Amino acid sequence: MDNILEVKHLKKYFNASGGQLHAVDDVSFTIERGKTLGVVGESGCGKSTLGRTIIHLYEPTSGEISFDGKDITKLNRTEVKNLREDIQMIFQDPFASLNPRMSVGQLIAEPLLIYHKLKGRDLDRKVAQLMDTVGLARRLSNSYPHELDGGRCQRIGVARALALNPKFIVCDEPVSSLDVSIQAQVINLMQDLQEEFGLTYMFITHNMAVVRHMSDTIMVMYLGMMVEFADSEEMFHHRLHPYTQALLSAVPIPVVQEKKERKLIKGEITSPIEPPDECRFAKRCPYAKDICFAKTPEAEEVLPGHFVACHRARELNGL
Ligand code: SF4
């Protein structure tokens with residue numbers, strides 16, 4: 001398998017009052033070149049921190065990140081700058097992520113000026129080409145973000161991300177702040193661009209319907225840890241972790257003959273600050289037993305390519 005990204009035992013801790021906040025805790029996964037990994041979980045599960053750590057907006061606490069065959073775990077400032085040519089990010093809030101004092105043309109030109117030192121006609125040509133690629137009318141070149149709707153602003157974000165011809169894009173909730181009608185346009189655009197340029201995406205979202213539509217593989221996170229990882233269709237047909245079952249039960253998915261029973265997640269949420277050595281979901285899990293409070297479950301491959309971190313996954317699913 002041609003994996004563009006390999007992450008092993010990645011941790012990102014932050015100092016907090018009362019100890020260290022385990023935002024990302026021992027997460028391992030791979031992404032195949034040209035494919036999309038969907039990363040899902042409730043807010044605060046560490047999915048955005050994971051994306052930001054991979055692209056070095058945050059320095060990893062420990063673990064390994066390998067990109068395109070190169071170890072990128074520890075980088076100096078120049079190396080981080082060089083990494084931006086290959087790895088880009090699209091942010092959740094298109095308005096907040098764009099400088100309001102810059103016009104559309106200037107915003108798209110900025111990475112080309114900084115990294116490729118393009119000027120004059122070459123720069124104008126490339127900006128126009130990028131606007132065409134993401135479906136922004138060239139007449140908007142002198143407009144400012146506040147004059148545009150969310151969908152157009154996100155297209156600027158996509159154009160900026162594409163400007164340096166990256167191989168991999170971390171998409172952090174790229175459509176969640178947009179109107180539903182515009183969400184589909186941006187998602188379709190991103191899928192077309194993936195096909196055209198062979199891009200690999202890490203698609204972070206809490207929207208399960210979107211993640212199913214976009215993803216080849218899915219990783220479910222809970223309180224900083226990966227609890228389940230599988231191919232997208234496999235995940236939707238065999239949800240093996242009690243948290244995934246509850247998360248997916250809240251989404252209306254048109255599966256014939258599937259009995260819809262919404263499982264509410266109740267109970268106290270474990271603190272991510274110096275969490276105890278136990279299953280992070282134990283206080284909310286209806287299947288918790290003594291073993292669940294005795295040690296943290298490790299991810300195991302319980303079906304081919306299907307990893308679950310639950311002491312009772314095999315027993316509960318008859319495997
Ligand atoms: Fe529930 Fe135990 Fe599995 Fe955790 S390890 S999800 S508490 S059954």
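Modeller: Two strands count as paired if DSSP finds at least two bridges between them. Bear in mind that we are looking at a predicted model.

Biologist: Happy to start there! What makes E6 and E7 a pair?

Modeller: E6 and strand E7 (residues 168–172) are joined by 4 bridges and run parallel. At least two bridges are needed, so E6 and E7 pair. One partnership to look for is Ile 90 with Cys 171 in E7.

Biologist: Why is E6 called an edge strand?

Modeller: In the open sheet, the order is E6-E7-E8-E3-E9-E10-E12-E11, with mixed pairing. Strand E6 (87–90) and strand E11 (300–303) are the edge strands, each pairing on one side only. From one strand to the next, the twist averages 25°.

Biologist: And how do you know that H6 runs against E8 rather than along it?

Modeller: Angles run from 0 to 180 degrees between N-to-C directions. Helix H6 (residues 180–197) makes about 160° with E8 while touching E3, E6, E7 and E8. On that scale, 160° lies towards the 180 end, so H6 runs roughly opposite to E8.

Biologist: Now the other end of the chain: what makes E1 and E2 a pair?

Modeller: Strand E1 (residues 3–16) and strand E2 (residues 19–32) share 11 bridges in the antiparallel sense. The cut-off is at least two, so E1 and E2 qualify. They form a hairpin with 2 residues between them, and Gly 18 in the turn has a positive phi of about 100°. Ala 16 stands opposite Gly 19 in E2.

Biologist: Which strand also pairs with E1 over 5 bridges?

Modeller: That is strand E4 (residues 62–67), antiparallel to E1; Glu 6 has Ser 66 in E4 as its bridge partner.

How values were computed: Residues numbered from 1 in each chain as written. Predicted model: local features only at pLDDT ≥ 70, side-chain atom pairs only at ≥ 80, totals over all residues. Heavy atoms only, no water. Contact = heavy atoms within 4.5 Å.
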